[in-house]
Amino acid sequence: MAEEQKLVTQADYIIFIYPNWHDSATSIVKGYQERVFAKEFAYTADNNGLRGLLKGKGLFTMMNCGFLGGGRGFIGNGVGISDEKWDSYMKAYKVFDDDLADWWGMDNYGRFMNDRYPKNLSENYPKEIEKLRNDLKASLQKTFIDKK
């Protein structure tokens, strides 16, 4: 874990990328977070309560899913398929991401949710995968490049 913690210490941003597993990270990701972002490395507790120790770092999440087929991006990025439900889910993830970032003392840079993944056998796969790439690039540009 010391090697992983060294990498976290050197990083400006921590980006978690994982598939949706019952609306959460997989157990592998959760286990990694529990071990690497441990007490006295990522947070501490004293008489004043919990305090995050990773100040000045940004947290960003990318998650593939397929529960609605309703969007790609984050809040407000629905595609006309249950947009209200899409935004409701995304707002719930924002609460989760804000809490996790705060726990570790980090800034929450948001999330890119991909709920419109191309099907492997789709006749339009090349165009669909290129659309996904472009949507992701635009999100990362807005989040990390334009935000500076």
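How do the residues of the lining of the largest pocket divide into nonpolar, polar and charged? Six are nonpolar, five polar and five charged, where Ala, Val, Leu, Ile, Met, Phe, Trp, Tyr, Cys and Pro count as nonpolar, Asp, Glu, Lys and Arg as charged, and the others, Gly among them, as polar.

Before you start clicking: this is a predicted model, in which local features need pLDDT of at least 70, side-chain atom pairs count only at pLDDT 80 or more, and totals for chains, interfaces and linings use all residues. Residues are numbered from 1 along each chain as its sequence is written, and side-chain values use heavy atoms, with hydrogens and water left out.

**Stop one: the largest pocket**

Select Phe 74, Asn 77, Ser 139, Lys 142 and Thr 143; of the 16 lining residues, these lie nearest the pocket's centre. A pocket here is an open set of points on a 1 Å grid over the protein atoms alone, with protein on both sides within 12 Å along at least five of seven lines, and lining residues have an atom within 4 Å of a point. The space in this one comes to about 360 Å³, a volume being the space filled by probe spheres set on the points, which are joined across faces, edges and corners.

Now colour β5 (72-73), β6 (107-114) and α4 (125-145), the elements that give two or more residues to this lining. Helices (H or I, at least four residues) and strands (E, at least two) are DSSP runs, numbered from the N terminus. Linger on α4, which gives the most, with five residues.

**Stop two: the second largest pocket**

Next, bring up α2 (27-36) and α3 (83-104), which each give two or more residues to the lining of the second largest pocket. About 200 Å³ of space lies there. Good side chains to show include Phe 37, Tyr 43, Phe 96, Trp 103 and Trp 104, along with Lys 30, Glu 34 and Asp 99. The lining has seven nonpolar residues, one polar and four charged, and α3 gives the most to it, with five.

**Stop three: the cavity**

Keep α3 on screen. The structure holds one cavity of 30 Å³ or more, a cavity being a set of points where a 1.4 Å probe fits but cannot get out. Its volume is about 40 Å³.

Select Phe 16, Tyr 18, Ala 25, Gln 33, Leu 59, Thr 61, Phe 96, Asp 97 and Leu 100 to see the lining. β1 (13-19), β4 (58-64) and α3 each supply at least two of these residues, with α3 giving the most, three. Six of the lining residues are nonpolar, two polar and one charged.
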